[in-house]
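User: Please go through this model with me in questions and answers. I would like each answer to set out its reasoning before it gives the value or name.

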Amino acid sequence: MTGGGDMGLPEAGSAASPPAATVVLEDVHARHLQAIATQGDRAAYAALFRHYAPRIKSYLMTTGLPAMEAEELAQEAMLTIWRKAAIFDPARARAATWIFTIARNLRIDAARRSRAADAALAQESLTPAEPEQADEVLSALQIADRLRATLATLPPDQLAVVRLSFFEDAPHPDIARRLGIPLGTVKSRLRLAMARLRGLIDPVGVKP
């Protein structure tokens with residue numbers, strides 16, 4: 001994915017002749033940005049957040065992001081708007097254009113990070129592993145046996161998140177969506193499960 005047309009900004013009315021209501025709204029949003037920059041105006045920021053956060057999320061979903069990731073990136077975009085309101089110049093861009101450009105750039109950065117991570121994983125898979133020593137293989141087998149036995153003792157809710165996280169390599173937001181539980185619940189269940197398994201994963205805890 002490049003900075004090209006596959007992630008274009010959403011239309012905000014006709015560029016040649018925007019409706020009068022759009023012009024008035026743009027003026028209001030521009031004043032909100034200036035109030036944030038000069039006064040740290042939280043009421044102005046709240047008004048911008050209510051208007052733009054859902055629109056940015058919808059835009060990001062059109063670029064292929066799942067709803068939860070789009071929401072997280074939309075929140076990051078709104079936080080960036082709060083931090084960088086001082087550099088907004090109404091003489092150079094409309095408020096909506098400036099705001100959606102921030103969201104678009106964050107989306108491009110996220111896509112680049114994802115590609116870099118995929119490339120690193122691919123390179124790692126091509127690197128030949130060093131031969132394992134016999135005692136290391138035995139130790140690993142012992143750990144695996146004890147781990148399987150202890151996994152069977154986990155409560156079903158903890159076992160579900162462990163399987164999705166470690167065996168399917170699912171990210172935490174995806175686990176929350178698939179299980180229909182809050183993201184915080186996913187993390188707390190993983191912490192509880194790992195507290196029970198930690199001693200088994202450490203090779204030092206395995207006796208010959």
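User: What distance does helix α2 reach from its first C-alpha to its last?

Analyst: The model is predicted: local features need pLDDT of at least 70, side-chain atom pairs count only at pLDDT 80 or more, and totals for chains, interfaces and linings use all residues. Residues are numbered from 1 along each chain as its sequence is written, and side-chain values use heavy atoms, with hydrogens and water left out. Helices are DSSP runs of H or I with at least four residues, and strands are runs of E with at least two, numbered from the N terminus. Helix α2 covers residues 42–62, 21 in number, and 30 Å is expected at 1.5 Å a residue (1.5 Å times one less than the number of residues); the reach is close to that, at 29 Å.

User: At which residue in α2 does a kink lie?

Analyst: The bend at a residue is the angle between axes fitted to the seven residues ending there and the seven starting there. In α2 the kink is about 35° and comes shortly before the proline P54, at Y52.

User: Which residue caps the N-terminal end of α2?

Analyst: The cap rests on a polar contact, that is, a pair of N or O atoms within 3.5 Å; within protein, one must be able to donate a hydrogen and the other to accept it, and residues adjacent in sequence count only if both atoms are side-chain atoms. Here a side-chain oxygen lies 3.0 Å from the backbone nitrogen of A43, and the capping residue is D41.

User: Which residue just after α2 takes a positive phi?

Analyst: The phi value is about 105°. The residue that takes this value, just after α2, is G64.

User: Is A46 in α2 buried or partly exposed?

Analyst: Buried means under 20% relative accessible area, exposed over 50%, and partly exposed in between (1.4 Å probe, protein chains only). Several residues of α2 are buried, among them A44, Y45 and L48. A46 lies in the helix as well, but because its relative accessibility is 29%, A46 counts as partly exposed.

User: Why do the buried residues of α3 line one face of the helix?

Analyst: The buried residues of α3 are A70, L73, A74, A77, M78, T80 and I81. Seen down the helix axis, they line one face because they fall within an arc (of the directions from the helix axis to the C-beta atoms) of 155°.

User: How far apart are the end C-alpha atoms of α3?

Analyst: Helix α3 holds 18 residues, 67–84. At 1.5 Å a residue these should span 26 Å, which agrees with a separation of 25 Å.

User: Is T80 buried or exposed, and with which residues is T80 in contact beyond its neighbours within four places in sequence?

Analyst: T80 lies in helix α3, and because its relative accessibility is 14%, T80 counts as buried. A polar atom of its side chain lies 2.9 Å from the backbone oxygen of E76. Contact means heavy atoms within 4.5 Å; leaving aside neighbours within four places in sequence, the contacts of T80 are I102 and L106.

User: Which element gives the most residues to the largest nonpolar core?

Analyst: A nonpolar core is a set of buried Ala, Val, Leu, Ile, Met, Phe, Trp, Tyr and Cys residues joined through side-chain atoms within 4.5 Å. The largest has 30 residues, and those with the most contacts inside it are L33, Y52, I56, L60, M78, I81 and W98. The elements giving two or more residues are α1 (20–39), α2, α3 and α4 (95–126). The most, nine residues, come from α4.

User: Which residues does I81 touch, not counting those up to four places away in sequence?

Analyst: I81 is one of the residues with the most contacts inside the largest core. Not counting residues up to four places away in sequence, those it touches are L33, W98, I99 and I102.

User: How many residues are in the second, separate core?

Analyst: Among its members are V161, L164, A176 and L190. V161 and L164 are also among the buried residues of α6. The residue count of this second core is 13.

User: What separates the C-alpha atoms of D157 and R189?

Analyst: D157 is placed in helix α6 (residues 156–167) and, because its relative accessibility is 33%, counts as partly exposed. D157 and R189 are 32 residues apart along the chain, and their C-alpha atoms are separated by 7.4 Å.

User: How many helices and strands does the protein chain have, and what percentage of its residues is buried?

Analyst: The secondary structure comes to eight helices and zero strands. Of the contacts with a separation of 6 or more, 63% are between residues 24 or more positions apart. Of the 208 residues in the chain, the buried ones make up 30%.
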